Amino acid sequence: ENRAPFSWAKANPLGSVKLLLSHRELWGLGVVQFLSQLAHTSLPAIYVLYAGYRYGWGPGEVGFLLAGVGVASMAVQGGLVKPIVRRIGERPALLVGLIMGSAGMAWYGTAWTGALAWIGVPIAAFWGLFGAASQSIMSQRVSASAQGQLQGATASITACAGIIGPFLFAYIFARSIDPAYGINLPGAALWLAGFLLLLAFLFAAWQLGKARR
């Protein structure tokens, strides 16, 4: 009974994204989600190369750490999101998720030994608060018949970030360790990811503050 009528104008990525322009809070969170997804692509794009270059890690060590990232993320998203959101609310949880993600990515780029890199795992895991809170807030801003279109819009945002991110972070990583440039900052690409999440945090705080007024 909530099925929306089919429309060719909406049955494409651009048509779905138009939904985000229908509400100020929706498009604001769409921008925030794009920045978050863009930052997230840094890990699969360069972390194997980064850890190999900086720590001398092979596939085993990298796989072990990424497995730890997965376990920590599941623990947060599966067991902690609900009580945290119930305790502090969706909007604060969204902002906490972004700032924790920013801190975690910045630490991944700063950790000067492989052992210290593990400190970033539980910190970055709380980034998962953002996705759950953002999805809930955005879902409340559209009708029941537009939920599928909203999912299409968020999938389009994720796809766009997935196209841009690998090139961007691989390029930054390559340039940051290139002797021709006279610098050696292997963590620069991960710092960029942390900076993007900080921008997302500031923009989200501004947008959510406007929505409350």
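**Exercise 1. Locate Phe-126 and work out its surroundings.**

*Solution.* Start with the secondary structure: Phe-126 sits in the loop between helix H7 (120-125) and H8. Helices here are DSSP runs of H or I with at least four residues, strands are runs of E with at least two, and both are numbered from the N terminus. A word on the model before we go on: it is predicted, so local features need pLDDT of at least 70 and side-chain atom pairs count only at pLDDT 80 or more, while totals for chains, interfaces and linings use all residues. Residues are numbered from 1 along each chain as its sequence is written, and side-chain values use heavy atoms, with hydrogens and water left out.

Next, take the accessibility. Phe-126 has 24% relative accessibility and therefore counts as partly exposed; buried means under 20% relative accessible area, exposed over 50%, and partly exposed in between, with a 1.4 Å probe and protein chains only.

Finally, list the partners. Apart from neighbours within four places in sequence, Phe-126 is in contact (heavy atoms within 4.5 Å) with Val-76, Leu-80, Ile-84, Gly-97 and Met-100. For one of these, Leu-80, the C-alpha atoms are 8.9 Å apart in space and the residues 46 apart in sequence.

**Exercise 2. Describe helix H8 and find what Val-81 has to do with it.**

*Solution.* First the helix. H8 covers residues 128-139, which is 12 residues, and spans 17 Å from its first C-alpha to its last, close to the expected 16 Å. That expected span is 1.5 Å times one less than the number of residues.

Then its buried residues: Gly-128, Leu-129, Phe-130, Ala-133, Ser-134, Ile-137 and Met-138. It helps to recall that an α-helix has 3.6 residues a turn, so residues three or four places apart point the same way.

Now turn to Val-81, which is placed in helix H4 (residues 59-88). Its relative accessible area is 11%, so Val-81 is buried. Setting aside neighbours within four places in sequence, Val-81 is in contact with Val-76, Gly-128, Leu-129 and Ala-132. Val-81 and Ala-133 are 52 residues apart in sequence, and their C-alpha atoms are 8.5 Å apart in space.

**Exercise 3. Trace the contacts of Phe-34 and Ile-164.**

*Solution.* Begin with Phe-34, a residue of helix H2 (residues 24-40). With a relative accessible area of 26%, Phe-34 is partly exposed. Not counting residues up to four places away in sequence, Phe-34 touches Ile-157, Cys-160, Ala-161 and Ile-164. The C-alpha atoms of Phe-34 and Ile-157 are separated by 5.7 Å, although their positions lie 123 residues apart along the chain.

Continue from the other side. Ile-164 belongs to helix H9 (residues 147-176) and is partly exposed at 41% relative accessibility. Leaving out neighbours within four places in sequence, Ile-164 contacts Phe-34 and Leu-38. From Ile-164 to Leu-38 the C-alpha distance is 7.4 Å, with 126 residues of separation in sequence.

**Exercise 4. Classify two aromatic pairs and place them in their cluster.**

*Solution.* A pair of aromatic rings is described by the distance of the centres and the angle of the planes. Rings of Phe, Tyr and Trp (its six-membered ring) pair if their centres lie within 6.5 Å; planes under 30 degrees apart count as stacked, over 60 as edge-to-face and the rest as tilted.

The structure holds 11 aromatic pairs. For Tyr-47 and Tyr-108, the ring centres are 6.0 Å apart and the planes stand at 65 degrees, so this pair is edge-to-face. The pair links distant parts of the chain, with Tyr-47 in helix H3 (residues 42-55) and Tyr-108 in helix H5 (residues 90-110), 61 residues apart. Both Tyr-47 and Tyr-108 are buried.

For Tyr-50 and Tyr-55, the centres are 5.8 Å apart and the planes at 80 degrees, so this pair is edge-to-face too. Tyr-50 and Tyr-55 are both buried.

Last step: ring pairs link Tyr-47, Tyr-50, Tyr-53, Tyr-55, Trp-57, Tyr-108 and Phe-173 into a cluster.

**Exercise 5. Summarise the whole chain.**

*Solution.* Count the elements: the protein chain has 10 helices and zero strands. Then take burial: 40% of the 213 residues count as buried. For contacts between residues at least 6 apart in sequence, 78% join residues at least 24 apart.
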